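This report examines the enclosed cavities of a protein model and the residues that line them. The sequence and structure are shown below.

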Amino acid sequence: MNHTTTTGNPVRRILVASLIGTTIEFFDFYIYATAAVLVFPKLFFPSSSPTAATLASFATFALAFLARPIGAALFGHFGDRKGRKATLVAALMTMGPSTVAIGLLPSYHSIGILAPILLCLFRFGQGLGLGGEWGGAVLLATENAPEGKKAWYGMFPQLGAPIGFLASSGIFLLLSKTLSDQQFLAFGWRIPFIASALLVWVGLYVRLKITETPDFIKIIEKNDRVKLPVADVFTKHKKAIVLGTIATITTFLLFYLMTVFTLSWGTSALHYSKTSFLIAQMISMVFFGLGIPISAVLADKIGHNKMLIIATIGIFIFGLFFSQLFSTGSWAVTVLFLIIGMFLMGLTYGPIGTALAEIFPASVRYTGASLCFTLAGILGASLTPFLATTLATKYGLTYVGFYLSIAAAISFVALVSAGSLMKVNAHKD
């Protein structure tokens, strides 16, 4: 871990730079998701009924997923044209200020309809930044990886998801323990949003210390830069963008079912306390984190595509038992349910970044991988809390499980179809 890459970057610096950015980005994203359940329905949509307010809050949650592909295309363009480093810094500085602004935003009672409008605007900024962040972080790691270690290097940005979630849940849990419900609603929820500014500066410092990846340097040397990467992706790499997006849908759907939906349903319909359910989710997040390196090691041995297929089959089966595990009313079974779901999440999430990156040539890799990931976010996650809540309310939790299993079956078909494409493109560069 102390040796350097061909660009002179110490390996530890590369891995930390790829990890810290996604940790910050996902921390920002998750504190919004938690607040969307616990706070925003009361502060920004108070004129609605409780159910309608929650659904309206989930709609703003979905807005960031619509912004992600725009961020992927915008930052992907500069990442493929100007370089990975500068683009990663710009992405970080887009999402960070948006998150801080949410923490400073007055409520509906203070400024009326302007409050939810500004909330949507800043939420859009969060999505825009994350759309450009993830792809660059994955490329920073994988384009510096030695042969046979791409999934292992590529899993470091993925670790930002469980670490960011643990940090966000931990700070909300701490606040709920130290503040009354009135204090939490009045000012406590703002603390993690405003405090994220310190994390952004740390991430900025680390990223300014790195240099360009070997793959991008080769693009410059060979004069292979594409004038309009997003157009090139949709005209010359249609199969890759379609299959890569569909293959990733289940990854998003599973995550937001196991986090946002279960928190909302568990604290409302199942009557678990907010504190106890956040603790259960934090326990499950440890297993999410464990699943990521396990899947990365296996992916480097058996292939990224095979590992993703195995994980997707596991998710399909899990969906069939979703209701039986989550509706028992038993605290122990509920914790087990969350652990199984998040461990499966780790197995599919660990290699997905590396797999998406390797199906595109280096000249459009930032744009292509980012678009697959963000488009899958729209299809697999943006409306998941809303749809799952609707299904559970009208038809029961069994249909939420069917929703997950159907998505897994669709992703399975895409992964099988994309297998040959991954093999062909893996060694093109």
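## Cavities and their linings

Helix α13 supplies the largest share of the lining of the largest cavity, with four residues. The model is a predicted one, and it holds two cavities of 30 Å³ or more.

| Cavity | Volume | Contribution of α13 |
|---|---|---|
| Largest cavity | about 90 Å³ | four residues |
| Second largest cavity | about 70 Å³ | five residues |

The largest cavity is lined by Phe26, Tyr30, Arg68, Ala161, Thr251, Phe252, Phe255, Tyr256, Phe288, Met345, Tyr349 and Phe373. Two or more of these residues come from each of α1 (11-38), α13 (238-268) and α17 (331-358). By class, this lining comprises 10 nonpolar residues, one polar residue and one charged residue. Arg counts as charged and Thr as polar, so the charged member of the lining is Arg68 and the polar member is Thr251.

Around the second largest cavity lie Tyr30, Ala33, Thr34, Phe165, Phe255, Tyr256, Thr259, Val260, Leu263 and Gln281. Here the elements giving two or more residues are α1 and α13, and α13 gives the most. The classes divide into seven nonpolar, three polar and no charged residues. Because Thr and Gln count as polar, the three polar residues are Thr34, Thr259 and Gln281.

Which residues appear in both linings? Tyr30, Phe255 and Tyr256 line the largest cavity and also the second largest cavity.

Definitions and conventions: Residues numbered from 1 in each chain as written. Predicted model: local features only at pLDDT ≥ 70, side-chain atom pairs only at ≥ 80, totals over all residues. Heavy atoms only, no water. 1 Å grid on protein atoms, 1.4 Å probe; cavity = no way out; pocket = protein on both sides within 12 Å on 5 of 7 lines; lining within 4 Å. Points joined across faces, edges and corners; volume = space filled by probe spheres on them.
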